[in-house]
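Student: I should like a close examination of a single part of this model, together with whatever surrounds it. Please set out the account as one connected argument, with the reasoning stated where it is needed.

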Amino acid sequence: MIVVIDGPAGSGKSSTAKAVAAKLQIQFLDSGALYRVATLVYLNCQKDYQKFFEQLEESEISFHFKKKKFHAFLDGRDVSDEIRSMEISENVSEVASNSDVRAFVNQLMREVVKQNVYIADGRDLGTAVFPDADLKFFMVADLETRAKRRFEEVKSSGKNVTLEEVKQNIAARDEKDSNRSSDPLKKADDAILIDTSEMTFEEQVAFISTEIKEVIASQNKT
Ligand code: CDP
Ligand code: CDP
């Protein structure tokens, strides 16, 4: 079974999905983290695309969800914190717009979800990667709210950035992610729209958990 949540940066996808996964004891997959790991490889190759593709093929990228945290590994090293830097955030949408990179990440994800029940978050999961997902959500919130949320996170991790920088990064990524030619950020026709601007985190978690339980119950009946 696969449940997907797509939407723009800071709408609440990954923290909500993580909380739902912990509550229902299912697996969580953060597809954005995989694009961030690919971006780390790109930066390690000094932005040389040819070197980057060679390196990406040779790299071992793996991940797991443990103790409510999604861990991403590059060649056996836990890079989960490193991939949250502003430098990665500033380059990730460019790297993710490349169709070869997308094919690479999609293959990684499709292999792993065969083995368990997953809730995954991203941009194109409901439209391109898992069009037959059992349940799809599209999570949105206004830009100001999303920037403030992300700013609080970045500030509490001790990084020195301003609210305006965070807002600009989010707006630039929204723009690139929505307008790229390969698998842009887009709501699937059959996705349930959730606007979290005025919702509490607990309401989001409860809403999605209830929907998932209903689907599981109806699948068990058939
Ligand atoms: O957590 P945040 O919303 O800041 O971003 P993320 O989920 O870590 O995703 C980082 C970037 O990866 C996005 O801005 C997209 O450019 C890209 N991405 C994508 O293209 N497709 C996905 N399924 C997930 C992420
Ligand atoms: O994955 P995405 O980029 O969509 O967002 P996130 O990484 O889950 O970040 C959203 C942040 O806003 C987290 O710190 C949440 O705790 C917080 N938040 C939320 O998701 N929903 C609310 N209603 C209020 C706060």
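Tutor: In this predicted model, Glu202, Thr210, Lys213, Glu214, Ala217, Ser218 and Lys221 of helix H9 are exposed, on the side away from its buried residues. The buried set in H9 consists of Gln204, Val205, Ile208 and Ile212. Viewed along the helix axis, these buried residues occupy an arc of 95 degrees, and therefore they line one face of H9. The general geometry of such a pattern is simple: an α-helix makes a turn every 3.6 residues, so positions three or four places apart point the same way. Helix H9 itself runs over residues 201-221, and its 21 residues reach 31 Å from first to last C-alpha, close to the 30 Å expected at 1.5 Å a residue.

What lies over the buried face? The cover of the buried residues of H9 includes strand E1 (2-6), helix H1 (13-24), strand E7 (135-140) and strand E8 (192-195). Two of these, E1 and H1, merit separate attention.

Strand E1 is mostly covered, with five of its five residues buried. Ile2, Val4 and Asp6 point one way from the strand, Val3 and Ile5 point the other way, and all are buried. Alternation of this kind is what a regular strand shows, its side chains turning by turns to the two faces of the sheet. The pairing of E1 is parallel with two strands: five bridges join E1 to strand E6 (residues 118-122), and four bridges join E1 to E7. Ile5 serves as a reference point for both pairings, since the strand places Ile5 opposite Asp121 in E6 and opposite Phe137 in E7.

Helix H1 can be assessed in the manner used for H9. Its 12 residues should span 16 Å at 1.5 Å a residue, and its end C-alpha atoms are 16 Å apart, so the two values agree. Within H1, Lys13, Ser14, Thr16, Ala17, Ala19, Val20 and Ala21 are buried. Their cover includes E1, strand E2 (27-30), E3, E6, E7 and H9; H9 and H1 thus each appear in the cover of the other. Just after H1, Gln25 adopts a positive phi of about 55 degrees.

Between E1 and H1 there is a loop, and Ala9 and Gly10 both lie in it. Ala9 is buried because 26 other C-beta atoms lie within 10 Å, where 20 or more are required. Gly10 counts as buried for the corresponding reason, as it has 25 C-beta neighbours inside 10 Å. Apart from neighbours within four places in sequence, Ala9 is in contact with Arg146, Arg150, Ile170, Arg173 and Asp174. With the same exclusion, Gly10 is in contact with Ala141, Arg146, Ala147, Arg149, Arg150 and Ile170. The UniProt record, an unreviewed entry, places a "binding site" feature at Gly7, Pro8, Ala9, Gly10, Ser11, Gly12, Lys13, Ser14 and Ser15.

The ligands connect these parts. Around ligand 2 there are 17 residues, of which Gly12, Lys13, Ser14, Ser15 and Arg149 come nearest. H1, helix H7 (143-156) and H9 each contribute at least two residues to that shell, and the largest share, four residues, belongs to H1. Ligand 1 is likewise surrounded by 17 residues, the closest being Ala9, Gly32, Tyr35, Ala96 and Gly122. Its shell draws at least two residues from each of helix H2 (31-44), helix H4 (86-96) and helix H8 (163-179); H2 gives the largest share, five residues.

As regards the wider setting, the unreviewed UniProt entry carries the annotation "domain: Cytidylate kinase" over residues 3-213. Across residues 3-213 the chain is 53% helix and 18% strand, with end C-alpha atoms 11 Å apart.

To return to the part examined, H9 has one face lined by its buried residues, exposed residues on the other side, and at least two residues in the shell around ligand 2.

Terms used
Residues are numbered from 1 along each chain as its sequence is written. Chains are lettered from A and ligands numbered from 1 in the order in which they are written. This is a predicted model: local features need pLDDT of at least 70, side-chain atom pairs count only at pLDDT 80 or more; totals for chains, interfaces and linings use all residues. The expected span of a helix is 1.5 Å times one less than its number of residues. A residue is buried if 20 or more other C-beta atoms lie within 10 Å of its own, exposed if 12 or fewer, and partly exposed in between; C-beta atoms are placed from the backbone. The arc is that of the directions from the helix axis to the C-beta atoms. Two residues are in contact if their C-beta atoms, placed from the backbone, lie within 7 Å. UniProt positions are given in the numbering used here, feature names are shortened, and annotations may be inferred rather than shown by experiment. A residue is near a molecule or strand if its C-beta atom, placed from the backbone, lies within 6 Å of it. Two strands pair if DSSP finds at least two bridges between them.
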